[in-house]
Amino acid sequence: AKENGKSIYSEYNNSMNAAFSERMNIEKYLHTAMKRDEFELYFQPQLDLSSNKVIGLEALVRWKSPELGNVSPMKFIKVAEDTHMIIPLGEWVLIQACDYLSHLFKSGYPKMVMSVNISSIQILQEDFTDRVTEILKCFNIEPRYLELEITETRLIEAFDTVYNKLRLLSDMGIRIALDDFGKGYSSLNYLNQLPIHTLKIDKCFIDNVSLENEKTVVTKHIISMGKDMGLSIVAEGVEMQEQLEYLKKYRCDKMQGYIFSRPLPKSELEKLLKSMNSD
Ligand code: C2E
Ligand code: CA
Ligand code: CA
Ligand code: CA
């Protein structure tokens, strides 16, 4: 028993060490990643469920590190937040996303909304609202074509400040989306308090839905509650036909997921948009 305990302990210890050194490495190389131009934006289309048209894109950052390989944003965004690297990185993402949207508009693609993930650390920067306005002006984009996706993590730390800034942006016509809805503890509370336009239902509420499995009542109630509040509802992480049928039956507005498209680099996204225009 003693030996057993020891091996469990050292296994735990090893995996702790591995996680720690992975984090250390991420921190080390993240530091220079921007200067070395290692980030790239991918774009995942959002589909309108009633028209089957692409009505939006979510910008998702990718990091191709020569030393670490492709690092998932699930791993490095947290580190970027802790080190406040998210401030220059987040601004880079916003600029690249707006630049690309203006390119798409100039090239004659149908009008779409660009959704950009924003960390609450960015929002708390004193000049955040000014920077957003300047960037929109710089690329000549109307505010209604930009959506900022926020999550409730860390929102609570400075709720009033965040609220005031979101209110300002929202009054300017910029869209605000509450991301990962349902995943946290206080989503329902925020729903009432924040000036939001869009509710993105977390993938975990989409994973098991189908018309055969009507036990999954929560999802349809989230949809109808959100719609009663006048929000646009987006289902995230849709992978299967059964899920799509369920979402259509309960009148979810939009969806994003591998069933239609993974996040794509620019050239592939444009190929997809062209193929949709031609049928
Ligand atoms: P998120 O904002 O919830 O983004 C959705 C994630 O789900 C993306 O992962 C996307 O690739 C993935 N996804 C989309 N459809 C499906 C599907 O059908 N099945 C499955 N299994 N997954 C799907 P990704 O790109 O790895 O990003 C992970 C998270 O990293 C994002 O979650 C977001 O929180 C964060 N992130 C990504 N880019 C940025 C950024 O520019 N700024 C900030 N602050 N966070 C970002
Ligand atoms: Ca998001
Ligand atoms: Ca999400
Ligand atoms: Ca619709």
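In this predicted model, Q243 touches I206, D207, V209, G237 and V238, residues up to four places away in sequence not being counted. Q243 sits in helix 9, which comprises residues 241-249. The residue is buried, because its relative accessible area is 1%, below the 20% limit for that class. Two polar contacts involve its side chain. A polar atom of the Q243 side chain lies 2.8 Å from the backbone oxygen of I206. The Q243 side chain also reaches the backbone nitrogen of M240, at 2.8 Å. The C-alpha atom of Q243 is 16 Å from that of S224, a residue 19 positions apart from Q243 along the chain.

S224 falls within the span of helix 8, residues 217-228. The geometry of this helix was compared with expectation. Its 12 residues should span 16 Å at 1.5 Å a residue. The end C-alpha atoms of helix 8 are 17 Å apart, which agrees. T219, K220, I222, I223 and G226 are buried in helix 8. These residues cover an arc of only 155 degrees around the axis, so they lie on the same side of helix 8. An α-helix has 3.6 residues a turn, so residues three or four places apart point the same way. The buried residues of helix 8 pack against strand 6, strand 7 (198-201), strand 8 (232-236) and helix 9. Helix 9 is also the element that holds Q243. After helix 8 comes G230, with a positive phi near 80 degrees.

Strand 6, one of the packing partners of helix 8, also contributes to metal binding through D179. The calcium ion (ligand 2) has four protein donors: E58 (OE), N117 (OD1), E149 (OE) and D179 (OD). They lie 2.1 to 2.3 Å from the ion. Along the chain, the donors of the calcium ion (ligand 2) follow the spacing E-x58-N-x31-E-x29-D. E58 belongs to strand 2 (residues 54-65) and D179 to strand 6 (residues 175-181), so the pair ties together parts that are 121 residues apart in sequence. E58 is buried, with a relative accessible area of 4%. D179 is buried as well, at 7%.

A second calcium ion (ligand 3) is placed 4.0 Å from the calcium ion (ligand 2), and D179 coordinates both. The protein donors of the calcium ion (ligand 3) are D179 (OD), D180 (OD) and E236 (OE), with E236 (OE) listed twice. Their distances to this ion are 2.2 to 2.4 Å. In sequence, the donor residues of the calcium ion (ligand 3) are spaced D-D-x55-E. D180 is partly exposed, because its relative accessible area is 23% and the buried class ends at 20%. E236 falls in strand 8 (232-236), against which the buried residues of helix 8 pack.

Ligand 1 has 22 residues around it. Q44, R62, D179, E239 and Y258 come nearest. Polar contacts were found with backbone and side-chain atoms. A nitrogen atom of ligand 1 is 3.2 Å from a polar backbone atom of V61. An oxygen atom of ligand 1 is 3.1 Å from an N or O atom in the side chain of N117. For the side chain of D179, the distance from an N or O atom to an oxygen atom of ligand 1 is 3.1 Å. N117 and D179 are also among the donors of the calcium ion (ligand 2). D179 thus recurs at three places: it is one of the residues nearest ligand 1, and it coordinates both calcium ions.

Definitions and conventions:
Residues are numbered from 1 along each chain as its sequence is written. Chains are lettered from A and ligands numbered from 1 in the order in which they are written. This is a predicted model: local features need pLDDT of at least 70, side-chain atom pairs count only at pLDDT 80 or more; totals for chains, interfaces and linings use all residues. Side-chain values use heavy atoms; hydrogens and water are left out. Helices (H or I, at least four residues) and strands (E, at least two) are DSSP runs, numbered from the N terminus. Buried means under 20% relative accessible area, exposed over 50%, partly exposed in between (1.4 Å probe, protein chains only). Contact means heavy atoms within 4.5 Å. A polar contact is a pair of N or O atoms within 3.5 Å; within protein, one must be able to donate a hydrogen and the other to accept it, and residues adjacent in sequence count only if both atoms are side-chain atoms. Donors are N, O and S atoms within 2.8 Å of the metal (3.2 Å for Na, K and Ca); water is not among the atoms, so sites may look incomplete. The expected span of a helix is 1.5 Å times one less than its number of residues. The arc is that of the directions from the helix axis to the C-beta atoms. A residue is near a molecule or strand if one of its heavy atoms lies within 4 Å of it.
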